[in-house]
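This report covers one helix and its setting, then the contact between two chains. The sequence and structure are shown first.

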Amino acid sequence: MSKTTFVVGIDGSDAGERAVAFAKARAKAVGDCAITLCYVIEWSPFSFQTPEENEQRHKRREEEISMAHSRVLDPAVTDAKKDGCEVSGIVRHGDAAEILDDLAKELDAAQIIVGRVGIRGLKERVFGGVTGRLVASASVPVTIIP
Amino acid sequence: MKKLFPAASLVTLAPVTAAAQEMSIDDRVNQVFASSTGWFVNLIFSPLPFQIAGSDFPWIVMWLVIGATVFTIYFGLIQLRAFGHAISLVKGDYSDPKDAGEVSHFQALTTALSGTVGLGNIAGVAVAVGIGGPGATFWMILAGLLGMASKFTECTLGVKYRNEYPDGTVSGGPMYYMVKGFKERNLPGGGILAIFFSIFCILGALGGGNMFQANQAHAQISGIVGDYPGWITGVIFAIVVFLVIVGGIKSIASVTEKVVPFMGIMYVGVALVILLVNYDKIGWAFGQIWAGAFTGLGVAGGFVGALIQGFKRAAFSNEAGVGSAAIAHSAVRTKEPVTEGVVSLLEPFIDTVVICTMTALVITISGVLVVDPDTGLFVLNEAGTAIQTVDGSSGVQLTSAAFATGFSWFPYVLAIAVVLFAFSTMISWSYYGLKAWTYLFGEGKTKELVFKLIFCVFIVIGAAAQLGAVIDFSDAMIFAMAVVNITALYFLMPVVKREMNSYFERLKTGEIVKHKH
């Protein structure tokens with residue numbers, strides 16, 4: 001019997017913390033669980049950039065990844081470990097809804113857990129927020145923490 | 001490239017309000033500059049020693065077209081064979097998800113495109129069709145298709161021989177493949193070529209990529225709001241460019257980078273709507289293009305006149321063989337340099353075959369060119385040098401008039417587009433110039449700042465002064481880049497062929513696979 005895996009989306013917000021707390025509680029209840037915390041840096045291969053931005057892109061990418069680790073992901077992983085959970089952290093670039101679902105597929109996860117941030121701004125009203133799109137396209141059950 | 005009008009018309013476009021004393025300073029600068037650099041300008045733009053069907057043929061146009069033809073044959077029509085693959089690459093079908101967050105093929109392509117799409121597509125085409133008739137379009141498309149092979153060659157080399165620094169940044173371009181590529185093949189002279197290329201590139205960036213743009217942008221703005229001193233436009237442009245390239249204000253750059261593609265798409269969209277409304281004339285227009293390509297339909301210089309105009313404007317517009325695109329494309333982090341070459345061959349296609357052709361079709365269909373109803377031939381103007389137009393306009397005004405037959409408000413949008421295109425071209429060329437500068441003088445914050453400040457000062461000079469000779473000189477510099485660059489490409493093309501064969505072999509055997517399904 002393989003471990004039950006939860007993929008948790010975090011972004012340094014309270015909503016993300018609530019999602020992690022829920023995942024930890026579920027993991028204890030189910031037992032023999034692995035939690036993967038994922039921080040997604042919003043990025044699109046179809047944006048427009050200046051030549052100078054292109055030149056520095058690789059450097060910036062490394063900086064973004066290390067900052068995501070040091071500011072958000074690593075503290076969250078350390079905290080969760082203190083609570084006795086088996087937990088790992090991962091940083092990826094892309095669209096949050098797509099990345100979380102891809103990761104869930106990759107890890108054969110039982111479910112995806114995300115916090116609800118609410119609808120902000122016109123763009124999200126028209127196209128839906130990350131959570132909305134995740135629910136619409138996910139291939140595993142999604143739990144949304146209010 | 002955005003060379004549109006000969007220097008003479010720039011003089012008339014420059015502000016007429018300049019004080020008499022300033023005029024004399026301008027004149028003096030002009031004179032000194034012309035007498036010391038005129039020989040170089042004449043050398044670059046001089047015609048071949050013989051006339052073709054009674055017309056002068058500038059050797060530099062021949063140089064670019066022969067280069068493009070050689071690469072087309074040498075790489076076995078790569079522009080046709082790899083076209084579908086180029087689109088797959090841009091869509092990201094072959095991008096490794098692990099590389100997400102790096103510069104994508106799409107981003108490299110659009111960055112390079114924003115440096116080339118601009119005034120050349122709008123006004124340059126009008127000049128070509130105005131002088132050479134619709135038949136010029138045929139030769140323009142042909143030159144665009146051939147130019148795809150030149151871009152493929154230079155961009156593949158640009159990525160293969162770029163420098164990668166420990167901090168993760170990259171520098172690439174013709175000067176790097178000249179030095180490293182020649183060394184690898186045990187050929188002498190790479191270093192000298194690189195120095196010549198860098199000098200031409202710096203001067204070209206300050207001229208064609210800067211002063212000329214500022215001058216044309218000012219002409220457009222003052223055409224709408226009325227005449228005012230050019231230095232005002234120059235200072236505003238210089239401040240905005242300063243904020244972007246020195247201040248690192250990304251938001252301004254990213255706004256332009258987003259608006260410019262939108263402007264380009266809108267331009268093509270409006271052209272398509274005009275063509276759809278006149279769908280019954282499209283067949284006739286292509287008939288005119290075809291017939292004009294081989295008979296001239298009465299234009300000055302006959303079909304050779306049409307051919308020269310078409311070739312010249314295509315070369316001026318898409319920069320194939322100049323080497324600038326090789327600098328822009330080298331930032332992509334790919335294991336396969338060939339993929340970047342393949343992606344770059346879309347540039348002349350989009351720039352010349354699509355956008356320039358749209359302009360030419362709209363001008364042809366709109367009926368702004370006067371045709372003799374009895375003979376079906378074009379009526380020439382009094383001087384006999386160009387086709388007579390309905391309102392006597394030429395260049396960007398002709399394009400504007402042709403589009404206005406479909407949408408009366410279009411000239412205003414066009415003016416905004418010209419200003420934005422000029423700005424994005426300046427940003428792109430400030431980078432190309434900087435790369436050549438750091439190649440010559442070394443990398444370093446102070447050295448880079450010196451170039452950026454010089455660049456900003458030249459914006460004000462370009463917008464304010466009537467420096468026709470300076471602008472002619474800097475245009476000549478951009479073509480001088482092509483002389484050095486294509487020479488290097490001839491020596492290095494076996495390297496590209498090896499890379500190309502190996503890549504397509506692995507693609508065929510399935511060693512290189514799509515990541516997306």
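B:Gly367 has a positive phi of about 75 degrees and comes just after α17(B). The model is predicted, and the values below are computed from it.

The helix that ends before this glycine, α17 of chain B, covers residues 346–366. Its length can be checked against the rise of a helix: at 1.5 Å a residue, its 21 residues should span 30 Å, and the end C-alpha atoms lie 28 Å apart, which agrees. The axis of α17(B) is bent by about 30 degrees at B:Thr357. Where a residue counts as buried with 20 or more other C-beta atoms within 10 Å of its own, 20 of the 21 residues of α17(B) are buried, so the helix is largely enclosed by the rest of the structure.

Chain B as a whole has 21 helices and two strands. Of its 517 residues, 57% are buried. Among the contacts in chain B between residues at least 6 apart in sequence, 81% join residues at least 24 apart.

Chain B also meets chain A: 26 residues of chain B are in contact with 21 residues of chain A. On the chain A side, the elements that give two or more residues are α2 (51–82) and β3 (86–94). The largest share comes from α2(A), with ten residues. The classes on this side of chain A are as follows.

| Class, side of chain A touching chain B | Number |
|---|---|
| Nonpolar | six residues |
| Polar | eight residues |
| Charged | seven residues |

Terms used: Residues are numbered from 1 along each chain as its sequence is written. Chains are lettered from A and ligands numbered from 1 in the order in which they are written. This is a predicted model: local features need pLDDT of at least 70, side-chain atom pairs count only at pLDDT 80 or more; totals for chains, interfaces and linings use all residues. Two residues are in contact if their C-beta atoms, placed from the backbone, lie within 7 Å. Helices (H or I, at least four residues) and strands (E, at least two) are DSSP runs, numbered from the N terminus. Ala, Val, Leu, Ile, Met, Phe, Trp, Tyr, Cys and Pro count as nonpolar, Asp, Glu, Lys and Arg as charged, and the others, Gly among them, as polar. The expected span of a helix is 1.5 Å times one less than its number of residues. The bend at a residue is the angle between axes fitted to the seven residues ending there and the seven starting there. A residue is buried if 20 or more other C-beta atoms lie within 10 Å of its own, exposed if 12 or fewer, and partly exposed in between; C-beta atoms are placed from the backbone.
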